[in-house]
Amino acid sequence: MLTRRNMLRATTAAGVLAAVPAGVVVGSRSGTARAAESPFTTPLKVPTPIRPVRLADHDFYRLTTREADVTVLPGTTTRIRSFNGTMSPLIVARRGRPVVIEQINRLNVPFSMHLHGGHTPGSSDGHPKYQVNPGDQRIFRYPNAQDAATLWIHDHTHHEHAENVYRGLAATYLVTDEFEESLPLPKGQYDVPLQLRDAEFEENGALVWDMHDFEGRHTVLVNGRPRPYFEVAARKYRLRLINTSNERLFLLQLGEGEGEEFTHIATDGGLLPAPVTTRLLQLWPGERHEIVVDFARYGVGRKLVLNNTYPYEGEAPGVMRFDVVREAADPSSVPSKLRPVPDFGTSQVEREFTMSFNPKTGEHLINNKPFDVDRVDIRPKLGVTETWKITNADTQYGIPHSMHPHLNAFKILDRNGKPPAAGEAGLKDTISVLAGESARIQLRFTDYEGLYMYHCHLLGHLQMGMMGQMDITR
Ligand code: C2O
Ligand code: CU
Ligand code: CU
């Protein structure tokens, strides 16, 4: 069952998605669920890093996946699937120092832990063949031999991940490095990860789950709090935005009207080559974008709402509110150059990936095939540069897709033949492609052989088959 919805409405003014035809999403249900809370009444939770056990050459963590009862909406209790009983926990890692996680599965469903954006050996990458069954445990090794970036951990269980992620299994994972630390960017309490996602709740606080029906998800959560407020100082902050939603695009703007200016400094793979001043940011599921906002421009007493200018029908745009409440010294600044993008040389292999939907079976396909764990789709060679052309052929229904190859980040060569915008000029690991459009990316797999996945990061699509498998060899 397909229903139409106007994907253009909120965005043509901004011009960003002007090429999206009237869209279709699967499912619709008139909401009996709990109406949206009055916004900006709950304080933001800023996560403190989980403390590792520090061993000689690595940091050791134990992450227990289990159900937990937490308060999301004031006065109610929500049963979630959690890491260690909390929503949106934080791990901070350092380049070159491995993190080892013992994951203990106390859920009654299988779990497969994936470090999104991690340059990770295949046995620790969350491949379905390494799923951890209820009651079992597994050791994951993350070498962190990669540049500083904002990563996140989520479930990758075959046929369960969409629900597992929806029910709360998403952790923030930062890789830090010396180069980034040497820059005068905002640090410490002024460097804040923000996991953005949506959810739908019953009156009693229970999560409503229906993979095919997501337009009733009118409660936006930031770090597990509904449309929170955040008391900030009148100075610069680094905000690391992570979209952990199943299906939702956020089109973010700060303040009213045209929106306030902020500085885009990093994407999935870390720092951009140079900062970009902008007023609008697209944040697709799985993506990360980091911005620096200078609240000194507004002064104590101002309140600024971060809006999603692309809400669902009947949904409020406000995501969270920044309340400027105090003065603070600000030695930070954004340098005019950040980190250059590596040169992958000339591509020796070209591949094409066509993303499409089969309305008869409800499957989402790559090159006309749904995922098959027993089929290898492509065989890249270590150290060989490839160009992938990704085409979204879903013009009939106007369904957006994305592509996320595991293991290595990529460079965007072009979108519809045009060079990427400045905000997409850094290393990425997830790229959105609108219906009827195509993009070319350049990438090179390094260090690890084995089976890895690539897929659309709209989790319902991924669950309905939009994933392929590569066997990387020497
Ligand atoms: Cu967020 Cu297969 O990844
Ligand atoms: Cu990933
Ligand atoms: Cu898709």
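Arg 440 is partly exposed, with a relative accessible area of 29%, and in this predicted model its side chain meets that of Asp 414 in a salt bridge with an N to O distance of 2.8 Å. This pair brings together distant parts of the chain, since Asp 414 belongs to strand E28 (residues 410–415) and Arg 440 to strand E30 (residues 438–444), 26 residues apart. Asp 414, for its part, has a relative accessibility of 12% and therefore counts as buried. The points below take up the salt bridges, then the copper ions, and then two further residues, Arg 288 and His 158.

**Salt bridges**

- The count of salt bridges in the model comes to 34, and one of them joins Glu 180 to Arg 238, whose closest N and O atoms are 3.2 Å apart.
- Glu 180 lies in helix H2 (residues 178–182) and Arg 238 in strand E16 (residues 236–243), so that this pair, too, links distant parts of the chain, with the two positions 58 residues apart.
- Both partners of this pair, Glu 180 and Arg 238, are buried, and they take part in a network of salt bridges that also includes Asp 191, Arg 240 and Glu 290.
- Arg 379 and Asp 471 form another salt bridge through their side chains, at 3.5 Å from N to O.
- Here Arg 379 sits in the loop between strand E25 (363–366) and strand E26 (385–392), while Asp 471 is in strand E32 (residues 467–472), 92 residues apart along the chain.
- Arg 379 has a relative accessible area of 52%, and because exposed means over 50%, this residue is classed as exposed.

**Copper ions**

- The copper ion that is ligand 3 has three protein donors, namely His 401 through ND1, Cys 456 through SG and His 461 through ND1, which lie 2.0 to 2.2 Å from the ion.
- Along the chain, the donors of this copper ion (ligand 3) follow the spacing H-x54-C-x4-H.
- Among these donors, Cys 456 is buried at 0% relative accessibility, and His 461 likewise counts as buried, at 7%.
- The copper ion that is ligand 2 is coordinated by the NE2 atoms of His 114 and His 404, at 1.9 Å.
- These two histidines come from distant parts of the chain, with His 114 in strand E8 (residues 113–116) and His 404 in strand E27 (residues 401–405), 290 residues apart.
- His 114 has a relative accessible area of 1% and is buried, and His 404 counts as buried at a relative accessibility of 1%.

**Arg 288**

- Arg 288 is placed in strand E21 (residues 288–294) and is buried, with a relative accessible area of 0%.
- The side chain of Arg 288 reaches the backbone oxygen of Thr 150 at 2.6 Å, and it also makes a polar contact with the side chain of Asp 429 at 2.7 Å.

**His 158**

- His 158 is found in the loop between strand E10 (149–155) and helix H1 (161–166), where its relative accessibility of 27% makes it partly exposed.
- Leaving aside residues up to four places away in sequence, His 158 touches Pro 128, Gln 131 and Phe 371.
- Between His 158 and Gln 396, which are 238 residues apart along the chain, the separation of the C-alpha atoms is 28 Å.

Terms used. Residues numbered from 1 in each chain as written. Chains lettered and ligands numbered in written order. Predicted model: local features only at pLDDT ≥ 70, side-chain atom pairs only at ≥ 80, totals over all residues. Heavy atoms only, no water. Donors = N, O, S within 2.8 Å, 3.2 Å for Na, K, Ca; no water. Buried < 20%, exposed > 50% of the residue type's maximum accessible area, 1.4 Å probe, protein only. Helix = DSSP H or I, 4+ residues; strand = E, 2+ residues; numbered from the N terminus. Polar contact = N/O pair within 3.5 Å; in protein donor to acceptor, adjacent residues only side chain to side chain. Contact = heavy atoms within 4.5 Å. Salt bridge = Lys/Arg side-chain N within 4 Å of Asp/Glu carboxyl O.
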